[in-house]
Amino acid sequence: MPLATLAKVLSQAQARNAACLGFVCQGWEDARAYVAAGEAAGAPVILSAGPGARANMPVPLWGEMFRTLARSATIPVVAHLDHGRTVEECVEAIEAGFSSVMIDGSALPLAENIALTNAVSDAARAVGVSVEAEVGQVGYEDGAPSAGTTLEEATTFAAETRVDALAISVGNLHLQTKDHAIIDWQRLAEIEGVTSMPLVLHGGSGIRHEDRARLAQTHRVRKLNVGTELRQRFGGEIRAALMADPDLFDRTAIITRAAPALQALATDLLRQSWRG
Ligand SMILES: [Zn+2]
């Protein structure tokens with residue numbers, strides 16, 4: 001089927017008190033495994049091309065690859081630009097056929113973030129592409145610190161922009177290799193009180209499974225980004241395949257042995273998050 005928009009799959013998630021997963025993609029084999037996982041779980045998948053992915057492969061190729069995967073998929077597939085930083089980057093993705101773009105102005109002063117978000121929204125809405133924005137900053141494990149989303153910021157941002165999904169910072173952190181994030185439930189509830197927008201948490205790998213369920217079932221978090229735990233599994237399987245067979249050298253053969261475990265983990269995560 002054709003690509004689905006982010007707005008569409010998030011409204012499906014809303015209807016069942018569930019969360020969609022945004023999968024951080026690095027290439028063909030993992031993206032293909034995530035679509036197969038979606039089909040096994042009966043859940044939509046959001047295929048994300050982040051800054052690392054785009055540094056490795058041009059945006060038009062990502063767009064074509066995601067569209068090709070969606071075409072033969074039996075579940076909705078969203079092609080999503082993750083952490084676009086400029087209007088130009090988002091427009092390039094829209095022209096490459098993405099159905100959703102994230103404009104990340106979270107490092108800017110609030111008024112500039114709002115202006116940037118609205119510029120991208122205007123361009124995206126004109127062609128039916130969804131927009132995710134971020135207010136407050138989600139930091140990185142062992143890297144840039146977080147700036148938790150304040151109620152004032154969320155209120156102003158919600159009033160002055162029109163986006164399909166809002167990423168917030170409430171204790172979640174990128175690149176956590178263990179699930180030990182401490183969610184600020186009170187702040188989350190306060191933010192839900194000032195906006196009806198579906199909410200997004202990046203850094204899903206760092207969030208405990210019981211917290212992920214609570215975020216979807218008793219709160220309005222409709223998208224969780226997951227990357228690290230899946231990359232850990234894939235990398236671990238590749239390492240194990242190479243160590244088990246010292247004569248193994250062919251890239252396709254190596255990845256073919258590792259991909260089933262990646263797909264199995266993605267299927268488990270989707271079943272948990274889409275159960276609602
Ligand atoms: Zn992120």
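Is Val163 buried or partly exposed, and how many C-beta neighbours does Val163 have inside 10 Å? In this predicted model, Val163 counts as buried, with 27 C-beta neighbours inside 10 Å.

## Surroundings of Val163

Val163 is placed in the loop between α7 (151-160) and β6, and its burial can be set beside the contacts that the residue makes. Leaving aside neighbours within four places in sequence, Val163 is in contact with Thr117, Ser121, Val131, Glu132, Ala133 and Met197. A further relation links Val163 to Ser130, since the two residues lie 33 apart along the chain while their C-alpha atoms are separated by 7.5 Å.

## Overall form

The secondary structure of the protein chain comes to 11 helices and eight strands. The radius of gyration is 18 Å, close to the 19 Å that the globule rule gives for 276 residues, and the chain is therefore as compact as a globular protein of that length. Along its principal axes, the C-alpha trace of the protein chain spans about 60 × 40 × 35 Å.

Buried residues make up 48% of the 276 residues in the protein chain. Among contacts with a separation of 6 or more, 69% are accounted for by residues 24 or more positions apart.

## The parallel strands

Strand β1 (residues 20-24) is joined to β2 by three bridges, and the two strands run parallel; within this pair, Phe23 stands opposite Leu47 in β2. The chain crosses from β1 through α2 to β2, and this β-α-β crossover is right-handed. On its other pairing, β2 is joined to β3 by five bridges, again in a parallel arrangement, with Val45 standing opposite Val77 in β3.

The pairing continues from β3 to β4, which are parallel over three bridges, and here His80 stands opposite Ser100 in β4. The chain passes from β3 through helix α5 (residues 87-95) to β4 in a β-α-β crossover that is right-handed. Strand β4 is in turn joined by four bridges to strand β5 (residues 130-135), with the two running parallel, and Ile103 stands opposite Ala133 in β5. The connection from β4 to β5 runs through helix α6 (residues 110-125), and this β-α-β crossover is right-handed.

## Burial of β2 and β4

How many of the five residues of strand β2 (residues 45-49) are buried? Five of the five are buried, so the strand is largely enclosed by the rest of the structure. Both faces of β2 are covered, with Val45, Leu47 and Ala49 buried on one side and Ile46 and Ser48 buried on the other. Strand β4 (residues 100-103) also has both faces covered, with Ser100 and Met102 buried on one side and Val101 and Ile103 buried on the other.

## The largest nonpolar core

The largest nonpolar core has 83 residues, of which Phe23, Val45, Leu47, Val77, Val101 and Leu166 touch the most other members. Helix α2 (residues 28-41) gives the most to this core, with seven residues. For Val45, residues up to four places away in sequence being left out, the residues touched are Leu21, Phe23, Tyr34, Val35, Gly38, Ile75 and Val77.

## Helix α9

In helix α9 (residues 209-217), Asp211, Arg212, Leu215 and Ala216 are buried. Seen down the axis of α9, the buried residues fall within an arc of 135°, and they therefore line one face of the helix. The elements that cover these buried residues include β7 (199-201), β8 (221-226) and α11 (251-275).

## Two residues with positive phi

His83, although not a glycine, has a positive phi of about 55°. The residue is placed in strand β3 (residues 77-84) and is buried, with 23 other C-beta atoms within 10 Å.

Leu175 likewise is a residue other than glycine with a positive phi, in this case near 65°. Leu175 lies in the loop between β6 (165-168) and α8 (185-194), and with 16 C-beta neighbours inside 10 Å it counts as partly exposed.

Methods
Residues are numbered from 1 along each chain as its sequence is written. This is a predicted model: local features need pLDDT of at least 70, side-chain atom pairs count only at pLDDT 80 or more; totals for chains, interfaces and linings use all residues. A nonpolar core is a set of buried Ala, Val, Leu, Ile, Met, Phe, Trp, Tyr and Cys residues joined through C-beta atoms within 7 Å. A residue is buried if 20 or more other C-beta atoms lie within 10 Å of its own, exposed if 12 or fewer, and partly exposed in between; C-beta atoms are placed from the backbone. Two residues are in contact if their C-beta atoms, placed from the backbone, lie within 7 Å. The radius of gyration is taken over C-alpha atoms; the globule rule is 2.2 Å times the number of residues to the power 0.38. The arc is that of the directions from the helix axis to the C-beta atoms. Two strands pair if DSSP finds at least two bridges between them. A crossover is right-handed if, with the strands pointing away from the viewer, the path from the first strand over the helix to the second runs clockwise.
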